[in-house]
Amino acid sequence: MQPLRLKFCSSSLLALTFTLFLSGTVLGQGVTTGGIDGVVTNMAGRPLVGARVLAVHEPTGTRYQTTTRVGGVFSVLNARVGGPYTVTANMLGHRPEDQQDVYLSLGQSTRVDFALEEAAVALDAITVSAARDLVLNADRTGAQTIVPPEAVQVLPSIKRTTRDLARTDPRSDGNFSFGGRNWFYNSISVDGTYFNNTFGLDDPAPGGQTNAEPIPYEAVDQVHVAIAPFDVRQGGFTGGSVNTVTKSGTNRWTGSLFAFYRNQSLQ
């Protein structure tokens, strides 16, 4: 029987040690904060749902904010202990009410209730205006560059070609290639009509081999450059889509006269 008694004593000692270890672990997780809870009602005692409650720790300026739930109940959790706190409750259509010198105790929730008085509130007039964003709007179908008529008039062009305008796209390498793709894979269109050269004479744009542009530079109104548009109407290319829109006619006769000169000294 002696060995059994020794075994029992050893088991009891192990259980006691394990219990003391758990007790020390639990005590080591001590509580370091306090809380505030209460109810916000009107003068008739009806709870106010959605009222704003703000607790400010005056010594440090720490702010804790919450809103009332169903029944007008609110809770401010994990607030620093001590004080004083100034707790304010306000809701549209009621006079704000505050309670000062509120102190929080460690691990306890301090009760603070409010009864707000109804009051007429004069609101400032609100003016709502809308404007179409030229960058982010429903018409944008991906990253793109638009050269407006004002830019067409002032941007320099050595060869008086839309290629010089398309270079303003930040994804262009300056040689009519976009996104690192060979210019043979571009899609060229004028007023929505394809101007792609299926015989491979684009060097690197329509008329490149013949040193002539398909349309006069003076007729260009705007240029649109897109790389990966989400619009299903634009496709069939893996480089860039360059669409040139020409000017619209009017009932007035207009014209332009210019001289073009270039030699090796201007290179």
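**Salt bridges, sheets and cores**

I will start with one pair of residues: R167 and D164 form a salt bridge between their side chains, with N and O 2.0 Å apart. Please keep in mind that this is a predicted model. The two partners differ in exposure. R167 is partly exposed, at 40% relative accessible area, while D164 is buried, at 12%. Side chains of opposite charge can pair when their charged atoms come close.

How many salt bridges are there by this rule? The count is four. Among them is the one between R160 and E218, where the closest N and O atoms are 2.4 Å apart. R160 sits in the loop between α2 (149-154) and α3 (162-166), and E218 in the loop between β11 and β12 (220-226), so this pair ties together parts that are 58 residues apart in sequence. R160 counts as partly exposed at 22% relative accessibility, and E218 is partly exposed as well, at 32%.

One more pair is D169 and R171, whose side chains meet in a salt bridge at 2.6 Å, N to O. Is D169 buried or exposed? D169 is buried, with a relative accessible area of 1%. Its partner R171 is partly exposed, at 26%.

Now to the sheets. One open sheet has five strands, in the order β9-β12-β13-β10-β11, and its pairing is mixed. At its edges stand β9 (144-147) and β11 (193-194); each has a single partner strand, so one side of each has no neighbour in the sheet. Within this sheet, β10 (187-190) and β13 (241-246) run parallel and are joined by four bridges. V190 faces T244 of β13 in that pairing.

Another open sheet has four strands, ordered β3-β2-β5-β6, with antiparallel pairing. Here the edges are β3 (62-67) and β6, each with a single partner, so again one side of each is left without a neighbour in the sheet. On average, neighbouring strands of this sheet are turned by 20° against each other, ignoring direction. β2 and β3 run antiparallel, joined by six bridges, and V53 stands opposite T66 in β3.

Next, the nonpolar cores. In soluble globular proteins, nonpolar side chains tend to be buried together. The largest nonpolar core here has 18 residues; I36, V40, F74, Y85, V87 and F114 touch the most other members. Which strands each supply at least two residues of this core? They are β1 (33-42), β2 (52-57), β4 (73-80), β5 (82-90), β6 (97-104) and β8 (114-116). Looking at V87 and leaving out residues up to four places away in sequence, V87 touches I36, V53, L54, A55, E97, D98, Q99, V102, V112 and F114. A second, separate core has 17 residues, including A151, V152, F178 and Y217.

I will finish with two single residues. T41 is in strand β1 and counts as buried, at 15% relative accessibility. Setting aside neighbours within four places in sequence, T41 contacts R46, P47, L48, F114, A115 and L116.

H94 lies in the loop between β5 and β6. This residue too is buried, at 14% relative accessible area. What does H94 touch, not counting residues up to four places away in sequence? The contacts are N42, L48, L116, E117, E118 and A119. H94 and N42 are 52 residues apart along the chain, and their C-alpha atoms are separated by 8.2 Å. Finally, the H94 side chain reaches the backbone oxygen of L92 at 3.4 Å.

Methods:
Residues are numbered from 1 along each chain as its sequence is written. This is a predicted model: local features need pLDDT of at least 70, side-chain atom pairs count only at pLDDT 80 or more; totals for chains, interfaces and linings use all residues. Side-chain values use heavy atoms; hydrogens and water are left out. A nonpolar core is a set of buried Ala, Val, Leu, Ile, Met, Phe, Trp, Tyr and Cys residues joined through side-chain atoms within 4.5 Å. Buried means under 20% relative accessible area, exposed over 50%, partly exposed in between (1.4 Å probe, protein chains only). Contact means heavy atoms within 4.5 Å. Two strands pair if DSSP finds at least two bridges between them. Axes are lines fitted to C-alpha atoms, for helices over the stretch in contact, and angles run from 0 to 180 degrees between N-to-C directions. A polar contact is a pair of N or O atoms within 3.5 Å; within protein, one must be able to donate a hydrogen and the other to accept it, and residues adjacent in sequence count only if both atoms are side-chain atoms.
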